[in-house]
Amino acid sequence: MEFRLLGALEVVGDGGRVPVRGRHHPKLLAILLDEANRVVPVDRITAGLWDGVPPESARQQVQNVVAGLRRQLGPGGSRLETVGHGYRLRVDRSELDLLRCKDKAAEADKLRAAGDRVGAAAALRAALDEWRGSPFAGLEGRMIEAAARRLEEYRLALLEARFADELELGRDPSAELRQLAAEHPLRQRFTELLMLALHRTGRTPEALGLYAELRTRLAEELGIDPGERLRDLHTAILRDKPAPPAPSTSTDAPALLPPGIPTFTGRCGELASLDALLAAEGTRIGAITGTGGVGKTTLAVHWGHGVADRFPDGQLFVNLRGFEVEGAALAPEEAVRVLLGALGVPHQRIPADPQARFALYRSIMSGKRALVILDNAADAAHARPLVPGGTGNVTLVTSRNPLFGLIAVQGAQAFSVPELTVEEARSLLAARIGRERIAAEPEATVRIIDRCARLPLALAIMGAMAVVHPQFSLGTIADELKFEEGRLDAFCGDDAATDLRAVFHTSYRGLDPVAARLFRFLGLHPGPEITAPAAASLLAVPVERARRALFDLLREHLLSEVEPGRFGFHDLLRAYSVELSRSDAPDEREAAADRMFDHYLQNCDTAYAMTEGDRDFFTVEAPLPGVVLEPIGDLSEALHWFGAERRTLPAVIDRAAATGRGSLSWKLAWAFKEHVFRQGDWHEGLATQRTVLEAAQRDGDVAAQLHARRTLSVLLGHLGESEQAREQLELALELWDESQGDLLLARLHLGMTHLLDRLDDTEGAIGHGRLALEVSRRSGNERNESRALSVLAWNLTQIGRLDEALDHAERAMEIQTRFDAKVAMAGTLDTIGVIRHRQGRLDLALECFNRSLAMASELGHRWLEADTLTHLGDARAAHGETAGAREAWRGASERYAELGADETARNVREKLERH
């Protein structure tokens, strides 16, 4: 069987062409042939088959496509093997045109090295005869296109080598070179070879004209000058002493890449992005950045081995030691000595002057096609002198520093390396310790992955522990990582390179005092994210100084920017921060924690006041000295702040409760609960309120217990746990006494009203509503009175007492409008809409519903939106407006489904089905 990819993808069997059909089958075959005889991970295949987000069933679909391709290949399908978490297509070198081409090119190198230029040129012509057109012609997709560009670059390199050989033999390939130079006007090597051919055949003015045209074109399109070798040729032609072109390949090319890791897995997206770098124009530089232990060097080296054939002039590698645990960094002027030595420059010929060394290095590299990996650079200035330039070379710089200078000035492409995905982490562990152990303890595997923060170095260390101690279960190893305190002890390897604490220290030690103090104090913050104002409160510094400190940590990859303006770090860095914070005085740490908690309390109170306005149960004192507030100036900013802090506030509430700040925790929870109600985050709210209740019981804080139980009742009611909801309210009513005040008693009766309404006990709901109204009026609290009037209006509507209901609702609306209580107003408007609908006043009902919807939408209150849309649909349907009714119900159904109210959503869908 023969496979062809140097042109349209073809398979030829004994009986002729073998058709490969299907949406994914040709692309899968192309991916496997491009990696012929090598295992291609499923993740990489998935990335190749689906350029966008793959479907959830991608793995199953890949298995189906593989099975289909085996069937289409017939007897040859048995060569498509499943190997671990990937697939390999075995082909003999004579069966694939690409491998035949490479073998003939390698033969050309051998013949040239033996002095047989005639044989070398013939071998290269035979290699090029394997090409029938553009690689993978007719197939689409980013990975396929990147591979096609890589192979096309390889073809051009073979052409350059062939023409260099022919010029050495005294032949005139100017006609072909002229066409190639026109097709690739920015490729300097073709112009160089054509200039030499023209000069040698007496057409010197034309050769010089070509140089002038190329120089202008490079300046206008790329902003660069011709390379040094081309400039030297131009000078030599002017002096009528042109040197022969240097060979395009070399048998003594340096190959300095460290060994790759056999168990390398994942990183499909990053590898595809690096592949795209090969097709870039001009000087090609990649800046690979990420936190310590994330696998930057491993990625660069693995990719380098995979594309080594693209760089016939060698692969250079030097560790700049910018973040070494011990010893000083390798200075650029010393690193260039290493590189020059690898390029064959004798020690005695290396200049003493550093600038002369760099010039010699750039001169040698200017016309080459080599890969240069500058590993572990401290910053852009550390690597910049060692970037060789030239359009044939590719330079990769790895660093924990973001290398902004290389990106901004040198035009480097940024490759930020994240932690592994869960699936990649699982594959890494499986490759290290075996799929059987992973399959035997899937839950423990997940815990190890989570507690290693999906960091490759940490996972590799745990994998090594499992291999060295096969008697340990994975559950035992996971338990070693159970507690934040001392977690890093499990990652103390037998050398600095495998000691996570030491790896993190190399980043920490370069921080200025303010950034270092912030990193230590971040261990006091429960996370998962922090803003500049919150960081400023921790430090008691102006927000701009805190922002600079955050960016210092970001630069050292001790933090990541989760969203614009929001920063976080993984759990292993958190553990390191907690360890370091012990070096600070206890009173300093306690003061920083107090400022942090006060920061969130102050902002919660401000945002809550703008969304609800009700602060009857507690007052918030003036901010502590050093506390910085968020810029919350209106309703929109308040809603945005609550939304942005939706993950952080529950963690802050939990930490406050756990550190003896129970009073603060319930106040935070009270303010945050309205956001929970607006968004329908019932489970999140439930966990938070239970934490608050436990803290209040420990502290003997009866008021906090009552507030927590009332809120728990509401949340449990929304989750369908009606009996538990009733139990919470009944316990609260038993616990209440006169010392707690009428205001809180009225709220408890209101809570019971809502619950009984949900249970369809309308008479009971009305009874508690009247008690709430009586107590509210007795206490003189109009806000509470308006709430009681509103719920009474709703329940009276359910039993048909519409006039009385309307009176209550309009009185409630009057009070709520005076206080600008938007949430309450939106709910009351919905009730008035229902009353007007039942009175037959559709025009007034629609007006109320639309006003209620506008307010609910402005507040981001999805539950109110859903309720009002349901009632709007009911009103329209009753008046024969079927299309409008269906539109409203459809919107309500979608919102209820998003909120997890499946039964309510089902009820609304039934209305849709009936209409």
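This passage walks through selected sheets, helices and salt bridges of the structure, which is a predicted model.

Start at the N-terminal end, with an open sheet of three antiparallel strands in the order 1-2-3. Strand 1 (2-4) and strand 3 (16-17) sit at the edges with a single partner strand each, so one side of each has no neighbour in the sheet. Strand 2 (residues 10-13) runs antiparallel to strand 3, and two bridges hold the pairing. Within that pairing, Gly13 faces Gly16 of strand 3.

Another open sheet also has three strands, this time in the order 4-6-5, and again the pairing is antiparallel. Its edges are strand 4 (40-41) and strand 5 (80-83), each of which pairs on one side only. Four bridges tie strand 5 to strand 6 (residues 86-89) in the antiparallel sense, and Leu80 is found opposite Leu89 of strand 6. Helix 1 (residues 25-34) packs on this sheet and touches strand 4, strand 5 and strand 6. The direction of helix 1 makes about 75 degrees with that of strand 6.

A hairpin turns up further along the chain. Strand 12 (residues 560-563) and strand 13 (residues 566-568) run antiparallel and are joined by three bridges. Glu563 stands across from Arg566 of strand 13. Two residues lie between the strands of the hairpin, and Gly565 takes a positive phi near 85 degrees.

On to the helices. Helix 9 (residues 204-221) has 18 residues and spans 26 Å from its first C-alpha to its last, close to the 26 Å expected at 1.5 Å a residue. Its buried residues include Ala207, Leu210, Tyr211, Leu214 and Leu218. These residues lie on the same side of helix 9, because they cover an arc of only 100 degrees around the axis. An α-helix has 3.6 residues a turn, so residues three or four places apart point the same way. On the other side of helix 9, Pro205 and Glu220 are exposed. Among the elements covering the buried residues of helix 9 are helix 8 and helix 10 (228-238).

Helix 8 (residues 188-200) brings its own salt bridge. The side chains of Glu192 and Arg189 meet there at 3.0 Å, N to O. The two residues are three apart in helix 8, so about one helical turn separates Glu192 from Arg189. Both Glu192 and Arg189 are buried.

Helix 28 (residues 635-644) is a more enclosed case: seven of its ten residues are buried, so helix 28 is largely enclosed by the rest of the structure. The buried residues of helix 28 are Leu635, Ala638, Leu639, Trp641, Phe642, Gly643 and Ala644. They pack against strand 13 of the hairpin, together with helix 27 (586-611), helix 29 (648-658), helix 30, helix 38 (822-838) and helix 39 (842-859).

One of those partners, helix 30 (residues 662-679), carries His675. With a relative accessible area of 6%, His675 falls under the 20% cut-off and therefore counts as buried. Leaving aside residues up to four places away in sequence, His675 touches Phe642, Gly643, Arg646 and Asp681. Phe642 and Gly643 are also on the list of buried residues in helix 28.

Salt bridges crop up throughout the text above and below, and the structure holds 58 of them. In one, the closest N and O atoms of Glu782 and Arg811 are 3.6 Å apart. This pair links distant parts of the chain: Glu782 belongs to helix 36 (residues 782-798) and Arg811 to helix 37 (residues 802-819), 29 residues apart. Glu782 is partly exposed at a relative accessible area of 27%, and Arg811 counts as partly exposed at 27% relative accessibility. Another salt bridge brings the side chains of Arg876 and Glu881 together at 2.4 Å, N to O. Here Glu881 is partly exposed, with a relative accessible area of 32%. Salt bridges with shared partners also build a network, joining Glu2, Arg4, Glu10, Arg100, Lys104, Glu130 and Arg132.

Terms used
Residues numbered from 1 in each chain as written. Predicted model: local features only at pLDDT ≥ 70, side-chain atom pairs only at ≥ 80, totals over all residues. Heavy atoms only, no water. Pairing = 2+ DSSP bridges. Contact = heavy atoms within 4.5 Å. Axes fitted to C-alpha atoms, helices over the stretch in contact; angles between N-to-C directions. Salt bridge = Lys/Arg side-chain N within 4 Å of Asp/Glu carboxyl O. Buried < 20%, exposed > 50% of the residue type's maximum accessible area, 1.4 Å probe, protein only. Expected span 1.5 Å × (residues − 1). Arc of directions from axis to C-beta.
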